[in-house]
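Colleague: I'd like a close look at one loop and whatever it leads into. Could you walk me through that part slowly, as I'm still new to this?

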Amino acid sequence: MAAPATGTTQGAAGAGGPAGGRGAWHRAARAVYGCRGAGRVGAAGDTHVGGGGPLQSGPVPARATGRVGWGGRTMKELRVGVIGCGGQGTLHCNNARYVPGVRTVAYCDADTPRAERFLQTYGGAYATGDAQRIIGDPDLDAVFIQTGPTHHPRLVAAAARAGKHIFCEKPIALTLGEAQGVKAAVESAGVRFVYGTCNRLAPLVQRAQRIVPQPVYSLCQCQDTITHQAVHNLDLAVNLFHASPLVRVYAQGDDVWHLERDLPVDSFVATLTFADRSVHCYIQHGSSRNGTLRKYSYQLFGRAHCVFLADRFKRCIVHGSSGEVLQTLSFEGPDFTPQAEGTGDVRGPFGYMGHCEEIADLAACVRSGAEPVMTIRDAVHVLAVEKAILESAQTSLPVDFAAFCRREGIGPGRWGWGDGGV
Ligand SMILES: NC(=O)c1ccc[n+]([C@@H]2O[C@H](COP(=O)([O-])OP(=O)(O)OC[C@H]3O[C@@H](n4cnc5c(N)ncnc54)[C@H](O)[C@@H]3O)[C@@H](O)[C@H]2O)c1
């Protein structure tokens, strides 16, 4: 059975994997790939992957202090202040330990004892309940902000004005007006900013995109709240899989489960039509659970291949044009996989969702001056797509996306304007 050429990339064979133990895997992967995982080819037709290629390196950050060796070079350390010491704060602090040259040294939470526990666990200089202490600290180069979208706009804008490089969790804001304010602050400060829609960097998502680079159709289903999850899945549709301007948005939905008081609907079926005539269908199904598909899944339908991203991006099943399975790619890196779905956090330091890679991307871009993969412009745009869906669901009318963006004062997305493309 022939596997598609694009789906057979191999990592460093024999670099570890679960059989070698988590510590052995980490050491081997760090030696070979920096923070990213290695991979190995398993049984015929099955490929196990744990990450991508080597990390970039480049100039040192302006105000960095300590020095570490990385890839045979001497470079300064990126000293990070952490704002928001909850679930995602834990994840990012764990991941940062595996990104060479990054050190978390100060911790802030409105609930100060949480910040103190982080200081004990991850080490560093201080814990505080005052975010301004972190933002104004000249000894810090960067901040990780994961407090939730109510506070993201104010904290990100203040950090940018203070010259800090920023990683910020999604969603960037609750309104487009706030999001644009953040964008203006980040762009005028000229700092590096990484938007936490991690899945774009997930190993098997990237592999799926290479196998079906221009899907004719794509389909995503997701069970969760719109505010906290839709931007993840829409980001993949509009900023990765469909590399063409978004032209039209049409959605129908209802407030079925009353999950979000501030939104007109809590669930919807939306179609997004792109200038290249490809179409994405997105089903956000609130509290209705599908035990087979689980929290979310993605399918890409190309002219030659179909890809099914299953198990929260842990499996990528590649089908040929007759429906035969050509290859099954499986993520096999160390992560904090719980005993059973729904019993805890299923993300991890090298995890299959791209979390470690987004921290590595911030560090690499601070050093090189390059633009990160997930930008502030993407953050505004994907929120605009979500708002256009909500508008369409409310009015039952299609939304001309370029006109919507102009009305809201938003510039073109990463693929340009979609005027009259369909
Ligand atoms: N990328 C992902 O996979 C992913 C997964 C889960 C959550 N998230 C996002 O991460 C963000 C945080 O989610 P979480 O699950 O970590 O929430 P959480 O409630 O576990 O943690 C948030 C923490 O921020 C603190 N906080 C709130 N406002 C603050 C302020 N002004 N100053 C200092 N501390 C403050 C809270 O006390 C809390 O400890 C949300 O925006 C969420 O959507 C992303």
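Modeller: Sure, let's begin with P171, which sits in the loop between strand 9 (165-169) and helix 6. Keep in mind that this is a predicted model. The peptide bond running from K170 to P171 is cis, and its omega is near -15°. As background, most peptide bonds are trans.

Now follow the chain into helix 6. Helix 6 covers residues 176-189, and its partner here is helix 5, residues 152-161. When two helices pack, people describe them by the angle between their axes and the distance between the axes. For helix 5 and helix 6, the axes come within 8 Å and cross at roughly 15°. Angles under 35 degrees count as roughly parallel, and helix 5 and helix 6 are therefore roughly parallel to each other. Their crossing is left-handed.

Who touches whom? On the helix 5 side you'll find P153, V156, A157, A160 and R161, and they meet E178, G181, V182, A185, V186 and A189 in helix 6. Sort the residues of that contact by class and you get 8 nonpolar, 1 polar and 2 charged.

Next, hop back to strand 9, which spans 165-169. E169 is also among the closest residues to the ligand, along with G84, G86, G87 and Q88. In total, 24 residues surround the ligand. The shell they form splits into 8 nonpolar, 11 polar and 5 charged residues. Its largest share, 3 residues, comes from helix 2, residues 87-96.

Helix 2 has a packing partner too, so to speak: helix 9, residues 355-368. Their axes are 9 Å apart and the angle is about 65°, with helix 2 passing helix 9 in a right-handed crossing. L91, H92, N95 and A96 of helix 2 make this contact with H355, C356 and I359 of helix 9. By class, the contact has 4 nonpolar residues, 3 polar ones and no charged ones.

One last thing before you trust every corner of the picture. The protein chain has a mean pLDDT of 82, and 77% of its residues reach 70 or more. Over residues 1-45, though, the pLDDT is below 50; that stretch still has 94 contacts in the model beyond near neighbours in sequence. The pLDDT is also below 50 over residues 337-347, a stretch with 16 such contacts.

Notes: Residues numbered from 1 in each chain as written. Predicted model: local features only at pLDDT ≥ 70, side-chain atom pairs only at ≥ 80, totals over all residues. Axes fitted to C-alpha atoms, helices over the stretch in contact; angles between N-to-C directions. Helix = DSSP H or I, 4+ residues; strand = E, 2+ residues; numbered from the N terminus. Parallel < 35°, antiparallel > 145°, perpendicular 65-115°, else oblique. Left-handed = near helix turned anticlockwise from the far one by under 90°. Contact = placed C-beta atoms within 7 Å. Nonpolar A, V, L, I, M, F, W, Y, C, P; charged D, E, K, R; others polar. Near = placed C-beta within 6 Å. pLDDT = per-residue confidence, 0-100.
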